[in-house]
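Let's walk through this one together, with a few questions and some quick answers.

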Amino acid sequence: MDRSLPVAAVVAVVLMCCSRICGAERLGARECEDLGFTGLALCSDCNALSEFVKDQELVDDCRKCCTEDSDDSISKEYMTGAYWLLQLTFSGAIIEVCMRKLVFYPEVVGFLEEDKDDFPYVEARYSYGSPPKLIMLDDKGEHKETIRIDNWKREHIRQFLKEKVKPVKSDS
């Protein structure tokens, strides 16, 4: 009598139940990219994000897209992912978005219409098909980092720009 099939089925059911009970819901790469998590690879990055952005839903989404840290990756954490981004400042930024898609991003629209003038070092760029993103610039105006902001609230955009963009003062 071959019992391997029923045992395999029981193991599969137990693993599915355990992953749901343990809250180990994981999303695929495409789903994570759609949520704006393209550079957050380690779960420790999500912990760093939670210190910067006080939005539990955003942090929970991050945790659905991260991979657990190993001993080797913990030592590399300071050179990668969100921790690196949180320690870095930029000289300027471009908010790039498709004008046709703006209707789906009221928080980005609110920032562009009501807050952008408070940030003279931030340029708005409309590019067909582009999801909302911040293109972070160095002191030479060159692209250094791209950050998707699809799910960011207006106040998160403001806070991020206030803390992370420090324009270089010209010696004129």
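What follows is a chat about a predicted model.

Reader: How do α3 and α4 run relative to each other, roughly parallel or roughly antiparallel?
Author: Helix α3 covers residues 43-52 and helix α4 covers residues 56-65, and they pack with their axes 9 Å apart. The angle is about 170 degrees. Angles over 145 count as roughly antiparallel, so α3 and α4 are roughly antiparallel.

Reader: Which residues of α4 does α3 meet?
Author: By class, the contact of α3 with α4 has four nonpolar, two polar and one charged residues. From the α3 side come C46, N47, L49 and S50. On the α4 side, they meet V59, C62 and R63.

Reader: Which helix gives the most to the largest nonpolar core?
Author: That core has 31 residues, and those with the most contacts inside it are I95, V108, L134, M136 and L161. At least two residues each come from α3, α4, β1 (92-97), α7 (106-115), β3 (133-137) and α8. The top giver, with four residues, is α3.

Reader: L134 is on that list of the core's most-contacted residues. What does L134 touch, leaving out residues up to four places away in sequence?
Author: Some of its partners have lower numbers: A93, I94 and I95. The rest of the set is E145, T146, I147, I149, W152, F160 and L161.

Reader: On to charges: how far apart, N to O, are the side chains of K64 and D61, and how do they sit in the helix?
Author: K64 and D61 are three residues apart in helix α4, so about one helical turn separates them. K64 is partly exposed, with a relative accessible area of 25%, while D61 is buried at 13%. Their side chains meet in a salt bridge, and the N to O distance is 3.9 Å.

Reader: Is D115, which pairs with R154 in a salt bridge, buried or exposed?
Author: D115 and R154 meet at 2.6 Å, N to O. The pair links distant parts of the chain, with D115 in helix α7 and R154 in helix α8, 39 residues apart. R154 is partly exposed at a relative accessible area of 24%. D115 has 6% relative accessibility, and the limit for buried is under 20%, so D115 counts as buried.

Reader: Which residues are linked with D115 in a network of salt bridges?
Author: The structure holds eight salt bridges. D115 and R154 form one of them. Linked with D115 in the network are E114, D118, R154 and R158.

Reader: What is the N to O distance between R148 and D150?
Author: Both of these residues are buried. Their side chains meet in a salt bridge, with an N to O distance of 2.9 Å.

Reader: Last stop, P167: where is it, and which residues is it in contact with beyond its neighbours within four places in sequence?
Author: P167 lies in the segment after α8 (154-164). At 37% relative accessibility, P167 counts as partly exposed. Outside that sequence neighbourhood, its contacts are F90, S91 and Y121.

Reader: How far apart in space are P167 and A93, C-alpha to C-alpha?
Author: In sequence, P167 and A93 are 74 residues apart. A93 is also one of the residues that L134 touches. From C-alpha to C-alpha, the separation of P167 and A93 is 9.6 Å.

Note on methods. Residues are numbered from 1 along each chain as its sequence is written. This is a predicted model: local features need pLDDT of at least 70, side-chain atom pairs count only at pLDDT 80 or more; totals for chains, interfaces and linings use all residues. Side-chain values use heavy atoms; hydrogens and water are left out. Buried means under 20% relative accessible area, exposed over 50%, partly exposed in between (1.4 Å probe, protein chains only). Contact means heavy atoms within 4.5 Å. Axes are lines fitted to C-alpha atoms, for helices over the stretch in contact, and angles run from 0 to 180 degrees between N-to-C directions. Angles under 35 degrees count as roughly parallel, over 145 as roughly antiparallel, 65 to 115 as roughly perpendicular and the rest as oblique. Ala, Val, Leu, Ile, Met, Phe, Trp, Tyr, Cys and Pro count as nonpolar, Asp, Glu, Lys and Arg as charged, and the others, Gly among them, as polar. A nonpolar core is a set of buried Ala, Val, Leu, Ile, Met, Phe, Trp, Tyr and Cys residues joined through side-chain atoms within 4.5 Å. A salt bridge is a side-chain nitrogen of Lys or Arg within 4 Å of a carboxyl oxygen of Asp or Glu.
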